[in-house]
Amino acid sequence: MTTTQRTATTVWEGPLAEGAGLVHATSGAFSPLPVTWAGRTHQPGGQTSPEELAAAAHSSCFAMALALCLDNHEASPQRLDITATVTLDHLDATPTIVSSALNVRAGVPGLTATDFKTIVDEAAALCPISRLFAGATITVDAALDTP
């Protein structure tokens with residue numbers, strides 16, 4: 001049984017080097033986002049890229065997984081600040097997403113650093129986007145904010 005499906009469409013015109021596309025979300029959550037090869041591999045110039053969209057998916061998914069795991073341990077976060085950095089590199093001369101590095105900063109009163117690490121590890125195993133990236137190197141640098 002499928003829980004959720006979401007759809008995005010990209011309409012691309014022209015050859016790779018000179019062409020351009022627009023990414024559309026069927027949810028209407030964002031306006032069409034421009035994409036180009038130059039914006040992907042050089043300077044973004046106000047354009048997004050598949051890597052940036054993957055980073056957005058990973059950071060938001062991990063935040064939800066961590067919030068759930070904290071709830072399961074009866075620890076209520078005041079704030080979770082998750083940044084994902086997705087890296088595109090050449091692997092065997094082929095552009096490949098090779099890693100996603102998560103930087104997690106959290107304000108969770110009453111939680112020890114040891115307990116926090118255990119809960120972060122649970123979230124890493126639970127996060128569906130982390131599991132999607134299972135072939136890539138995923139690192140998590142997590143720290144509790146000090147009051």
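**Group meeting: strands, a long helix and a core**

Let me start with a pairing in the second half of the chain: β5 and β6 run parallel and are joined by 8 bridges, and in that pairing serine 99 has threonine 137 of β6 as its bridge partner. I should say at once that what we are looking at is a predicted model, so please take each value that follows as computed from predicted coordinates.

On its other pairing, β5 meets β4 in the antiparallel sense, over 13 bridges, with histidine 90 standing opposite proline 95 of β5. These two strands make a hairpin with 2 residues between them, and in the turn aspartate 92 has a positive phi of about 55 degrees.

Stepping back to the whole chain, we have 4 helices and 6 strands, and from the N terminus the elements follow the order β-β-β-α-α-β-β-α-α-β. The C-alpha atoms, taken along the principal axes, fill a box of roughly 55 × 35 × 35 Å. Of the 147 residues, 28% count as buried, and of the contacts with a separation of 6 or more, 52% are between residues 24 or more positions apart.

The three strands at the start of the chain form an open sheet in the order β1-β2-β3, with antiparallel pairing. Because β1 (8–13) and β3 (33–35) each have a single partner strand, they stand at the edges, and one side of each is left without a neighbour in the sheet. From one strand to the next the twist averages 25 degrees. Within this sheet, β1 pairs with β2, residues 20–25, over 6 bridges in the antiparallel sense, and one of the bridge pairs matches valine 11 with leucine 22 of β2.

Between α1 and α2 there is a loop, and threonine 48 lies in it. Is this threonine 48 buried or exposed? Its relative accessible area is 6%, and since the cut-off for buried is under 20%, threonine 48 counts as buried. Its side chain makes a polar contact, at 2.5 Å, with the side chain of glutamate 52, and, if we leave aside neighbours within four places in sequence, threonine 48 is in contact with Leu33, Pro34, Val35 and Leu53.

That brings us to α2, which has 23 residues and spans 33 Å from its first C-alpha to its last, close to the 33 Å expected at 1.5 Å a residue. Its buried residues include His58, Cys61, Phe62, Ala65 and Leu66. For those of you thinking about the spacing, an α-helix has 3.6 residues a turn, so residues three or four places apart point the same way. The elements against which the buried residues of α2 pack are α1 (37–41), β4, β5, α3, α4 (128–132) and β6 (137–144). After the helix comes glutamate 74, with a positive phi near 55 degrees.

Finally, the largest nonpolar core has 25 residues, and the members that touch the most others are Phe62, Leu66, Leu70, Leu111 and Phe116. At least two residues of this core come from each of α2 (50–72), β4 (79–91), β5 (94–107) and α3 (113–126), and α2 gives the most, with 8 residues. What does phenylalanine 116 contact, leaving aside its neighbours within four places in sequence? The list is Leu66, Val104, Ala106, Leu111, Ala142, Ala143 and Leu144.

Terms used. Residues are numbered from 1 along each chain as its sequence is written. This is a predicted model: local features need pLDDT of at least 70, side-chain atom pairs count only at pLDDT 80 or more; totals for chains, interfaces and linings use all residues. Side-chain values use heavy atoms; hydrogens and water are left out. A nonpolar core is a set of buried Ala, Val, Leu, Ile, Met, Phe, Trp, Tyr and Cys residues joined through side-chain atoms within 4.5 Å. Buried means under 20% relative accessible area, exposed over 50%, partly exposed in between (1.4 Å probe, protein chains only). Contact means heavy atoms within 4.5 Å. Two strands pair if DSSP finds at least two bridges between them. Axes are lines fitted to C-alpha atoms, for helices over the stretch in contact, and angles run from 0 to 180 degrees between N-to-C directions. The expected span of a helix is 1.5 Å times one less than its number of residues. A polar contact is a pair of N or O atoms within 3.5 Å; within protein, one must be able to donate a hydrogen and the other to accept it, and residues adjacent in sequence count only if both atoms are side-chain atoms.
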